Amino acid sequence: MSKVSLRNLCKTYAKDVPAVKGLSLDIYDGEFMVLVGPSGCGKTTTLRMIAGLESVTDGVIHIGDRSVRDVSPGDRNVSMVFQNYALFPHMTVLQNLSFGLKARKEAKTTIRSKIDTTADKLGLKELLKRRPGELSGGQRQRVALGRAMVREPDVFLLDEPLSNLDAKMRITMRREIALLQRELNATMIYVTHDQSEAMTLGDRVCIMNEGCIQQVGPPIEVYNQPANSFVASFLGNPPMNLLDGIPNTSPDQLLGVRPEKLKIGRAKESTDLELEGILDMVEETGDSRVLHLKTSYGVVTVRVHEGQFSSGMQLTCHAANTDLYHFPKT
Ligand code: ATP
């Protein structure tokens, strides 16, 4: 496996559409790095530039110690897994898995042995004779992963690989990818717009917005110490409440508080945050409930684990001063 290093990477599409604006990032050997951000923030463009599928407007890409900016995609030794699987529909699973190896003119026995090992790991042994049309979404995605694995790449690039699966299968495959990455000790760069996927999968996550990196770090670090209000409001479900105009807060700052840090009842200390509002909606999540409270600072979400609540109730909630964040207004 290899490390990947991006320096001042830029991509401007025709008609001056800047998609990636000077991105610098190091992905370590054997690391699971997740690029996450809203639609259009430049995640896929970044991944495609690493793969060599998109030209680079400016900047440098190293895979291992080699600068690959002028290396063709086939010679970068990376494998990409796409959202839509990109399997050959007329070929069997076996043929799909062996296609890349045959193109590289590997010996028949080597091909068979690599496929057997991979099929075993991914539970594809019984499916080798089927065509993609005869497989479920999860099985197809496993074949796409297998096709990437048999090539034994230096780096795996995964572009929203689970988006086409239903919620249950997504969680199953998420776990499988995480275990696989650990077992292979693979360098993986994984693109998603789903913050919960990013938080559960990544050794580190790179949060992007409008072609720029907002923050890079281990999931728990970026969750607990968001660098700015964008990161604070992107991570978490529901995301952090960002309140404007709270007394004793600078007028050019937003006050942030996570829904799970707000408790029902009056504040204990004068420095704590206290909010009053009317309960607008109660969202059941099974293990807890999210209360939507209409306050004079906008709608505030509060996660509760006990208590009886109904719409229209007048409620007071509070959060300890140590659980509050201050962000400059952008
Ligand atoms: P999504 O999650 O929706 O896939 P993304 O974060 O992966 O989004 P990109 O697909 O990298 O974002 O797109 C970044 C920006 O570049 C967007 O504004 C998009 O419209 C633009 N863009 C992407 N591909 C092209 C293209 N081929 N030609 C022109 N503009 C493009």
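The points below describe the fold, the ligand surroundings and two strand pairings of this predicted model.

1. Overall layout. The chain holds eight helices and 18 strands, and its C-alpha atoms fill a box of roughly 75 × 45 × 35 Å when taken along the principal axes. Of the 330 residues in the chain, 36% are buried. Among the contacts with a separation of 6 or more, 63% are made by residues 24 or more positions apart.

2. Domains. The domain assignment divides the chain into domain 1, covering 4-232, and domain 2, covering 241-328. The centres of domain 1 and domain 2, taken over C-alpha atoms, are separated by 38 Å.

3. Surroundings of the ligand. The residues around the ligand include Tyr 13, Val 17 and Ala 19, the run of Ser 39, Gly 40, Cys 41, Gly 42, Lys 43, Thr 44 and Thr 45, and also His 193. By character, the residues of this shell divide into four nonpolar, seven polar and one charged. Two elements, β2 (17-27) and α1 (43-51), each supply at least two residues of the shell, and α1 gives the most, with three residues.

4. Helix α1. Besides its part in the ligand shell, α1 has buried residues at Lys 43, Thr 44, Thr 46, Leu 47, Met 49 and Ile 50. Lys 43 and Thr 44 are thus listed both as buried residues of α1 and as residues around the ligand. The helix is followed by Gly 52, whose phi is positive, near 90 degrees.

5. Strands β6 and β7. In a regular strand the side chains alternate between the two faces of the sheet. In strand β6 (residues 78-81) both faces are covered, since Val 78 and Met 80 on one side and Ser 79 and Val 81 on the other are all buried. Strand β6 runs parallel to strand β7 (residues 155-159), to which four bridges join it, and within this pairing Leu 158 of β7 is the bridge partner of Val 81.

6. The five-stranded sheet. An open sheet of five strands has the order β13-β17-β14-β15-β16, with antiparallel pairing. The edges are formed by β13 (263-264) and β16 (298-304), and because each has a single partner strand, one side of each is left without a neighbour in the sheet. The partner of β16 is strand β15 (residues 289-295), and these two pair in the antiparallel sense over seven bridges, with Leu 291 standing opposite Val 302 in β16.

Methods. Residues numbered from 1 in each chain as written. Predicted model: local features only at pLDDT ≥ 70, side-chain atom pairs only at ≥ 80, totals over all residues. Buried ≥ 20, exposed ≤ 12 C-beta atoms within 10 Å, placed from the backbone. Pairing = 2+ DSSP bridges. Near = placed C-beta within 6 Å. Nonpolar A, V, L, I, M, F, W, Y, C, P; charged D, E, K, R; others polar. Domains from an automatic or database assignment. Contact = placed C-beta atoms within 7 Å.
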